[in-house]
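Me: I am new to protein structures and would like a close look at a single part. Could you walk me through it slowly and explain each term when it comes up?

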2 protein chains.
Amino acid sequence: MKYNQVTIKDIARELGISPSTVSRALKDHPDISPQTKKAVNELAEKLNYQPNIVALSLRQSKTNTLGVIIPELVHFFFSTVISGIEDVAYSAGYNVIITQSNESLQREKTDIKALFNSRVDGMLISVSRETSSFEHIESILAKGVPMVFFDRVYENANSSTVIVDDLSGAKEATQHLIDQGCTRIAHLEGPPNLGITKQRLEGYIQALNDNKMPVQKDLIVSCPLGTIEEGKIAAEQLLKMPNRPDAIFATNDPAAMGAMQAIKEAGLKIPQDIAVVGFSNWFFSSLLEPPLTSVDQPGFEMGQEAAKLLIRQIEFKSKDNEDPAPETKVLKTRLIVRDSSLKKGKPKK
Amino acid sequence: MKYNQVTIKDIARELGISPSTVSRALKDHPDISPQTKKAVNELAEKLNYQPNIVALSLRQSKTNTLGVIIPELVHFFFSTVISGIEDVAYSAGYNVIITQSNESLQREKTDIKALFNSRVDGMLISVSRETSSFEHIESILAKGVPMVFFDRVYENANSSTVIVDDLSGAKEATQHLIDQGCTRIAHLEGPPNLGITKQRLEGYIQALNDNKMPVQKDLIVSCPLGTIEEGKIAAEQLLKMPNRPDAIFATNDPAAMGAMQAIKEAGLKIPQDIAVVGFSNWFFSSLLEPPLTSVDQPGFEMGQEAAKLLIRQIEFKSKDNEDPAPETKVLKTRLIVRDSSLKKGKPKK
DNA sequence: AAACTGACCACAATCGTTTGCGGAGATTCT
DNA sequence: AGAATCTCCGCAAACGATTGTGGTCAGTTT
């Protein structure tokens with residue numbers, strides 16, 4: 001847009017000097033006399049000169065912008081990740097462009113292309129539920145664009161990633177249910193393409209194994225979308241079993257929420273009849289009745305770490321013209337115990 | 001970042017023609033022969049040429065980017081507004097940069113400056129809770145940057161705005177409580193700087209007046225932050241009154257939620273003892289017990305309308321070099337009646 | 001007095017793309 | 001055949017900033 005922008009040329013014309021002198025004066029170059037510097041700075045101040053970032057970006061082949069692709073903004077977890085990213089990015093002098101894939105692979109493809117065209121300096125990506133092939137990512141990666149994946153990562157990539165320890169988080173959650181005396185623990189499994197789904201399932205299984213409890217196939221129900229509705233349907237199915245479970249560990253909070261609805265509608269009590277544990281600690285989870293026990297993921301911290309890794313990668317590359325070794329940051333989860341799982345009352349620890 | 005970018009020059013060199021010819025060939029200019037066009041397009045396809053948006057932006061003094069400033073991303077309402085904005089912006093060929101003020105005036109100032117420096121073509125703004133002076137906005141407005149305000153608007157500005165009809169939404173909510181037989185209706189008031197706070201209060205008052213009910217000062221309690229905690233404290237205060245209210249209409253859902261907590265902890269029943277109505281229809285509201293009656297704001301639509309207005313303004317201005325007349329779009333709210341307010345059972349309508 | 005040294009600044013190229021203008025060669029018209 | 005008309009393409013400037021190179025003028029050195 002052609003605002004009434006003040007450019008370096010305007011200052012130069014008004015002062016009867018050349019644009020290059022103005023440029024150098026503004027950055028305190030030793031070649032410029034103190035008087036000229038003073039005059040330039042004062043006029044720049046007076047006219048409220050702001051450098052044109054677009055011109056700068058073109059000149060330096062660097063936009064100082066990070067591109068972010070997330071599945072959906074409305075998820076509390078992803079919102080907090082964004083805040084973490086912005087926190088680090090801003091203080092390092094980077095802007096952030098956020099795009100949503102809406103859990104669609106097609107949209108993810110156009111997003112990544114749009115970000116590339118905008119010449120972002122790097123990308124932070126959490127893949128969609130549908131993403132099972134990765135050519136669209138590989139092709140951009142091949143062009144040398146720095147990328148960091150977070151939460152829902154592209155595992156085969158030779159890139160840095162930030163994840164939470166889903167496995168041990170799930171294990172801890174399941175162990176907690178076992179400690180509460182649950183013997184038939186069901187699991188609501190998530191979208192099949194995602195690594196986090198497998199990790200959470202694995203944590204559940206390990207906990208059972210550690211306690212010499214059998215893993216029963218019919219107690220594991222898939223919720224490929226991970227929505228409230230699916231959780232409800234899955235739980236209804238579980239409740240119809242002749243020997244119904246006495247606990248449900250869900251792959252995420254919405255599914256757990258759906259399960260709670262089904263349990264209550266069946267006239268059963270939480271946690272007395274069936275204990276429920278979720279994953280991600282959504283905003284609403286503490287507001288449910290009973291409040292939902294959940295595995296908290298440090299979203300803000302994840303955003304911070306991912307942005308830090310990416311910026312380090314960008315600046316390393318611009319110096320040494322080489323990619324730094326990829327790093328993987330694993331963040332700790334934290335089990336937030338609330339009433340939905342407390343059959344025995346608060347644990348002593 | 002200096003990816004392995006293919007430029008128009010690369011194509012020109014390889015084909016032994018000039019960059020200008022390549023440029024024209026790519027946009028099907030009549031001056032270029034069919035053979036040349038074919039050759040250029042095929043090579044561009046083969047090399048996967050993507051135009052450099054940064055160079056384009058500089059050349060045309062237009063970034064095709066909209067800047068957005070919202071108070072907080074984690075609010076369900078604002079997330080949906082963003083989705084509406086992206087929907088319209090993308091299909092019109094615009095990118096979107098989102099910034100959060102975190103309800104801080106200071107942050108809002110730096111955000112608006114950063115967006116200006118990025119040379120966005122226009123801005124979509126919802127002001128922070130703290131914003132009571134507007135010089136930072138005026139100074140950018142004076143430079144000719146198109147702006148559209150939404151939800152929390154800058155009223156004195158000579159700019160387009162998109163709001164919901166807070167007044168009639170609040171009136172409808174209050175009337176609904178009156179219809180349910182409530183006679184002592186309290187109001188939890190919101191942040192004092194915001195226009196929406198005043199409108200909602202005014203709707204509440206008008207509904208009382210319409211029904212010849214007295215407006216009692218002590219039934220109006222301020223929640224300057226509009227949080228769950230404040231709502232709880234405010235409700236506790238109301239419950240201690242000798243003649244306690246039989247209904248609470250809150251300026252937003254978190255405050256209503258807090259009130260519900262206080263009411264339940266006091267051993268009272270919702271809605272039998274005290275009916276509760278919120279505003280904004282947050283995601284969690286339908287999940288509460290009882291489900292919270294709330295005034296739904298069409299967030300997605302608001303985002304769409306705001307983006308449309310802004311883009312129209314941008315393109316009008318680039319043609320006629322004149323600002324179009326400011327427009328104000330008022331969207332209808334919709335009262336979502338749930339159990340938290342149903343003293344009498346479902347209304348017949 | 002000639003040469004040298006700084007201090008200070010301007011010129012011009014550059015990033016990638018667009019676009020007004022002009023120009024060479026082929027074709028058509030008179 | 002000469003002029004006019006097309007067709008098709010290249011030159012160069014421009015967007016706003018940065019930066020290597022070189023130049024002018026003063027003062028200093030031999």
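What follows is a look at the place where chain A and chain B are in contact.

Reply: Happy to help! This is a predicted model, in which local features need pLDDT of at least 70 and side-chain atom pairs count only at pLDDT 80 or more, while totals for chains, interfaces and linings use all residues. Residues are numbered from 1 along each chain as its sequence is written, chains are lettered from A and ligands numbered from 1 in the order in which they are written, and side-chain values use heavy atoms, leaving out hydrogens and water.

Let's begin with the whole interface. On chain A, 59 residues are in contact with 58 residues of chain B, where contact means heavy atoms within 4.5 Å. The size of an interface is often given as the accessible area lost when the parts come together. Here chain A and chain B bury about 5,000 Å² between them, with 58% of it on carbon and sulfur atoms; this buried area is what the two parts lose on being put together, found with a 1.4 Å probe and summed over both.

Now for the links across it. There are 2 salt bridges between chain A and chain B, each being a side-chain nitrogen of Lys or Arg within 4 Å of a carboxyl oxygen of Asp or Glu. Glu289(B) forms one with Lys264(A), and their closest N and O atoms are 1.8 Å apart. The two chains also have 12 residue pairs in polar contact, both residues at pLDDT 80 or more. A polar contact is a pair of N or O atoms within 3.5 Å; within protein, one must be able to donate a hydrogen and the other to accept it, and residues adjacent in sequence count only if both atoms are side-chain atoms.

Which elements of chain A each supply at least two residues of the side that touches chain B? They are helices H4 (53-60), H5 (76-91), H6 (105-117), H11 (253-265) and H12 (299-320), together with strand S2 (95-100). Helices (H or I, at least four residues) and strands (E, at least two) are DSSP runs, numbered from the N terminus. H5(A) gives the largest share, 7 residues. By class, this side of chain A has 29 nonpolar, 20 polar and 10 charged residues. Ala, Val, Leu, Ile, Met, Phe, Trp, Tyr, Cys and Pro count as nonpolar, Asp, Glu, Lys and Arg as charged, and the others, Gly among them, as polar.

Next, zoom in on one residue from the other chain. Ser118(B) sits in the loop between helix H6 (105-117) and strand S3 (122-125) of chain B. Is Ser118(B) buried or exposed? Its relative accessible area is 13%, so Ser118(B) is buried; buried means under 20%, exposed over 50% and partly exposed in between, using a 1.4 Å probe and protein chains only. The side chains of Ser118(B) and Asn95(A) make a polar contact of 3.1 Å. Leaving aside neighbours within four places in sequence, Ser118(B) is in contact with Ile53(A), Val54(A), Asn95(A) and Thr63(B).

Finally, a strand of chain B. In S1(B) (residues 65-70), 6 of the 6 residues are buried, so this strand is largely enclosed by the rest of the structure. Thr65(B), Gly67(B) and Ile69(B) are on one side, with Leu66(B), Val68(B) and Ile70(B) on the other. S1(B) pairs with strand S2 (residues 95-100) of chain B in the parallel sense over 6 bridges; pairing needs at least two bridges found by DSSP. One of these bridges joins Gly67(B) to Ile97(B).
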